[in-house]
Amino acid sequence: MTEAYQPGKRNLITDVAGLRVGHAGDARVKTGATVLVGDKPFTAGVHVMGGAPGTRETDLLAPDKTVQEVDALVLSGGSAFGLDAASGVADALRVSGRGLAVGPVRVPIVPGAILFDLANGGEKDWPENPYKRLGAEALEAAAPGFALGTEGAGTGAMTAGLKGGIGSASLVLPSGHVVGALVAVNALGSAIMGDGPQFWAAPFEIGEEFGGHGLAPTAPPLAPHIKGRDPGNTTIGIVATDAALTQAQCTRLATAAHDGLARALVPAHTPLDGDLIFAAATGEKPLTDPLADPLLLGHAAAICVARAIARGIYEARAEAGDLTPCWRARFG
């Protein structure tokens, strides 16, 4: 990479000005929710490449649909139960006066995606679905700074052999545009090369943001390391930029960002994963080159996704009842 491609001040998706992220979690249930919210509505797109997705309001993100902006995006654990997290966010946004004006009422537009964390050792005997509450709590906690690892939607996440987690990363492009990623990693596959500790995302690491271990000294085996054969997986994320993009360009940005998922997780986009990436554009900085800028934004988004995935695994912490070790417990 050239010198111009460096992380923003926080090395978080919130280096895109006007965006905030909030987490909420339940240690007993081993689950949680994460919200990305803008100071004002933002343009969004989505691309799904996994075979087992769980989503809310993603159809309206297609470029030919009437609504072109959203108020927030939600990532949640809980499988289908977790879709209720977006309802908690929408309710809270409505009370604050946010949302699309439809006659006398406002309707917050809050697309969401979920990952499966129902078999991770947590207590799932809730008398009432906790995700609406978790969504509202995550929105209340939204801020420019936020924690990584065993937080929010990554609270109960697992990968093949290691705890998952939630990660984030950013880049500032030569054009001055900022790109960031936020990813909850709960993959069927593995984020490390062979027996580790090296990450598949190592070629894209900046500094020692996930340990600085570089590449594995020998080629890892070609046979994939996976959890099992159950469809209890998914890596879900958001890429964001301050560039002025249309909904079609956001869709293309989300599509390009999936390259980063495939660089950081092996295997990726399987029939048993629900891999999905949202894209968000605040529109604060116009494009200077209508051809080159979208290309480089997509390139940066893929790099940020790969780094965010490794950071999420690297920052995960051990907790009581874990079924798999975290990276730090295994490798120090």
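## Helix H1 and its surroundings

Helix H1 spans residues 85-95, and its buried residues are Ala85, Ala86, Ser87, Gly88, Val89, Ala90 and Leu93. The model described here is predicted. Among the elements that cover the buried residues of H1 are three strands, E2 (31-48), E3 (55-56) and E4 (69-76), together with helix H2 (131-140).

After H1 comes Gly97, which has a positive phi, near 90 degrees.

## A buried glutamate

Glu205 belongs to the loop that lies between strand E9 (178-186) and strand E10 (234-243). This residue is buried but forms no salt bridge. Its nearest side chain of opposite charge is that of Arg311, 8.1 Å away. A salt bridge requires a separation within 4 Å, so Arg311 does not provide one.

Which backbone nitrogen lies 2.9 Å from a polar atom of the Glu205 side chain? It is the nitrogen of Phe210. The backbone nitrogen of Gly211 is also placed beside this side chain, 3.3 Å from a polar atom. Leaving aside residues up to four places away in sequence, Glu205 touches Phe210, Gly211, Gly212 and His213.

## Cysteines without disulfides

A disulfide is a covalent bond between the sulfur atoms of two cysteines. Zero disulfides are found in a search of the whole structure.

Why does Cys250 not form such a bond? The closest cysteine sulfur, in Cys304, is 15 Å from the sulfur of Cys250, which is too far for a bond. Cys250 counts as buried because its relative accessibility is 0%. Cys326, at 3% relative accessibility, likewise counts as buried.

Key. Residues are numbered from 1 along each chain as its sequence is written. This is a predicted model: local features need pLDDT of at least 70, side-chain atom pairs count only at pLDDT 80 or more; totals for chains, interfaces and linings use all residues. Side-chain values use heavy atoms; hydrogens and water are left out. Helices (H or I, at least four residues) and strands (E, at least two) are DSSP runs, numbered from the N terminus. Buried means under 20% relative accessible area, exposed over 50%, partly exposed in between (1.4 Å probe, protein chains only). Lys and Arg count as positive and Asp and Glu as negative; His and the chain ends are not counted. A polar contact is a pair of N or O atoms within 3.5 Å; within protein, one must be able to donate a hydrogen and the other to accept it, and residues adjacent in sequence count only if both atoms are side-chain atoms. Contact means heavy atoms within 4.5 Å. A disulfide is a pair of cysteine sulfur atoms within 2.5 Å.
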